Amino acid sequence: MDYILAFDAGTGSIRSVLFDLDGNQIGCSQEEWIHLSDERYPGSMGFDYEANWQLLISCIKDVLSRTGVEPHNIKAISATSMREGIVLYNSSGKEIWACANVDSRASEEVSQLKKTCKELEQKLYQLSGQTFALGAVPRLLWLKNNLPDLYEKTAAMTMINDWILYKLSGTLQVDPSNGCTTGIFDLTKRDWASGYLQECGLKDSILTPVNEAGTLIGEISREAASSTGLAHGTKVVSGGGDAQMGTVGAGAIEDQQTVVSGGSFWQQEVNTKQPFSDENGRVRINCHAVPDLWQIETIAFFPGLVMRWFRDAFCQEEVVAAKANGCDPYYLLEELAKDVPVGSNGIIPVFSDIMNYYSWRHAAPSFINLTLDPNKTGKKEMFKSLQENAALITLGNLKLIEDVTSFYPEEVIFIGGASKGRLWSQTLADVLGVRVKVPVVKESAALGTALYAGVGAGLYSCIQEAVEKVVTWDRVHEPVEANHQKYLEIYEKWRVVYERQLQLADEGVTAHMWKAPGFQ
C-alpha cells in the first residue's frame, strides 16, 4: 500500500502525520517545542532550528515505528507550518537565524517605519495584503540594526515549512500561500515584489524561487535518508501555510467557500477569485494554496487558549472525571452547559476584538455583567459564554469581509479543535445564521498538505480529484432562527462594551491582552 507523509509545524509543536491515499490517518507523532526568548531583546521568540530538526527526526522515526510502514512505501512528502516565521541562510546554505511567528522584537522598527515612511505601510498593504504587524520587513531591519554581521551573511530566506523541505531535499524555495505572509509579495503576480526590500533599505538578493503548492521540488537526499530513516529518492513536494492548507483539507478550493478554523487562534477564510483590498486596512489578503485563488482572512486572538485557560483554572473536577472516563473534559463541559440559555444569562466576555489590521490590539481580558446568583452565573454559564464570544467575534469578522466584498456566506465549514464540540458548532451556526458543516478530519492542515504532496507525486491528477476522493462530512448544523435574532442583539451590546474596555486599555488604566509591534 502507498502512503503520504505530511509535516505540520505549528506554533507549539511539530507533527508527523501519515495518510493513506484515501485520506485515512494511519499514524501521527507529535513533539512540543518552545521558542527561545533572548533577555537582551524584549519580545524575541527565536526558532531553534538545530533542536527542532532533532525533534522532527524523532517524529519521523516514531511514526514509522508505530505504524510499521516501510519507508519505501511512502511515495510523497510535504510540509505546512505556522505563517510569518522565517529562516535565514548563509551563502553555503547553512541556517544562521530564525524566528517564530510570535516574535515581536521589531517593535521599534515598526514604529520607525510608520513615522518616517508614513505611506509605505499603505503601499505595502495594497501590494501584498499585509501590514508591518507580522511581516518580515521589520524583522529584517531589526537584524540589520542589531546584528549587522549576521545580516551581511544572509544570502537566502524561507518560511519554516520550506525549511523542513530544504532539510530533506536540499532545495531552497517558498510557496505563495506562506511566502505572501512576509509582506514582500506581489499578490497579483503571486511572486516576490520586485524592488520593495530595496525601498525599505534592505537587500533583495535573499529572495528564493517561488513554487506553487503541489510542485515537485526534489527528493529525499542520501544525507536526510540516513538521519531520518526515510527512503532516499522519495518525492518532496512544495507545501504551504497552515491556514491555507487547512482549508484545502476541508475541501474549500472553490470561489466564495468560507472556512472557520477554531484553534488557539480562530481564522476566518473566504475564497475569492481576485485579491480584494480594504481601503481601511482592516482585513488581511493572502494567496490561497490553490493557484488562481486568494483568501480574505480575519483573525480572532486566542479563543482556544482562552478556553484552555478556563479549563485549567476552573475545571479541575471535569479534567479528573474525563481522565477517569477516557473522554475529553470539553465534552463534559459541553454536557454541563447544553441547557444554558442563549446569552449565558447576560455574561459578556471581553477577549479578542474583531480584526483591525492597521491598528491591531485587544482590550484587557475580562468578564462583564456577572451576577452574584450562583444559579445564573457559574461555571457552565461562563463556559457557554466563551463559546458564544468566539462565535460573536467570527460574526464581526465576517461582517468586515462582507463590507469589503459584499459577500456573506450561505454556509461555513468549521475545522480545528473547536469543531469537535457539538455545542460549539451549533452555537456558531446560530450566531452566524448559516449552515455549519464539520468534516470528518477536523485537524485538516496536515491532510491538505498530504493531498498536495499526492498531486505533486502524481498520486492524484489534480487537487480537485484529491478533495473529491478524500474529504467527507461528519455532521451539519442548521441555525435556529430565533436564536440567531437574539445573538444579533447580543452582538450589538458586546460591541459597545468592547469599545469602552478597549478605551480603558488604550488609556493605560488596564493592560491590553495583545497589541501589534509598534502600536503606541
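In this predicted model, Ile285 is found in strand E15, and with a relative accessibility of 1% this residue counts as buried, because buried residues are those under 20%. Leaving aside its neighbours within four places in sequence, Ile285 is in contact with Tyr125, Ser128, Gly129, Gln130, Leu187, Pro275, Phe276, Ser277, Gln295 and Ile296. One of these partners, Leu187, lies 98 residues away from Ile285 in sequence, while the C-alpha atoms of the two residues are 8.3 Å apart in space.

Strand E15 belongs to an open sheet of seven strands with mixed pairing, in which the order is E15-E16-E14-E13-E20-E21-E22. The edges of this sheet are occupied by strand E15 (284-287) and strand E22 (473-477), each of which has a single partner strand, so that one side of each is left without a neighbour in the sheet. On average, and with direction ignored, neighbouring strands of the sheet are turned by 25° against each other. Within the sheet, strand E20 (residues 411-415) and strand E21 (residues 435-439) run parallel and are joined by three bridges, and Val412 stands opposite Val436 in E21. Helix H14 packs on the sheet, where it touches strand E13 (258-262), strand E14 (266-272), strand E16 (294-300) and E20, and the direction of H14 makes about 25° with that of E14.

Helix H14 (379-405) is also among the elements against which the buried residues of helix H18 pack, the others being strand E17 (348-350), strand E18 (361-362), strand E19 (366-368) and helix H15 (422-432). Helix H18 (residues 481-506) comprises 26 residues and reaches 37 Å from its first C-alpha to its last, which is close to the 38 Å expected at 1.5 Å a residue. The buried residues of H18 are Asn483, His484, Tyr487, Tyr491, Trp494, Arg495, Val497, Tyr498, Gln501, Leu502 and Ala505. Helix H18 is followed by Gly508, whose phi is positive, near 85°.

In helix H10 (residues 242-249), seven of the eight residues are buried, so this helix is largely enclosed by the rest of the structure. The buried residues of H10 are Ala243, Gln244, Met245, Gly246, Thr247, Val248 and Gly249. Helix H10 is followed by Gly251, which has a positive phi, near 85°.

Empty space within the model was also examined. Three cavities of 30 Å³ or more are held by the structure, and the largest cavity has a volume of about 70 Å³. The lining of the largest cavity is formed by Phe301, Phe302, Pro303, Val306, Met307, Phe351, Ser352, Leu386, Asn389, Ala390 and Ile393. Helix H11 (303-314) and H14 each supply at least two residues of this lining, and the largest share, four residues, comes from H14. The helix that packs on the sheet thus also contributes to the wall of the largest cavity.

Among the pockets, the second largest has a volume of about 280 Å³. Of the 17 residues that line this pocket, Leu36, Gly46, Trp97, Ala98 and Arg105 are the closest to its centre. Helix H1 (49-67) and strand E6 (95-99) each supply at least two residues of the lining of the second largest pocket, with the largest share, three residues, coming from E6.

Methods: Residues numbered from 1 in each chain as written. Predicted model: local features only at pLDDT ≥ 70, side-chain atom pairs only at ≥ 80, totals over all residues. Heavy atoms only, no water. Expected span 1.5 Å × (residues − 1). Buried < 20%, exposed > 50% of the residue type's maximum accessible area, 1.4 Å probe, protein only. Contact = heavy atoms within 4.5 Å. Pairing = 2+ DSSP bridges. Axes fitted to C-alpha atoms, helices over the stretch in contact; angles between N-to-C directions. 1 Å grid on protein atoms, 1.4 Å probe; cavity = no way out; pocket = protein on both sides within 12 Å on 5 of 7 lines; lining within 4 Å. Points joined across faces, edges and corners; volume = space filled by probe spheres on them.
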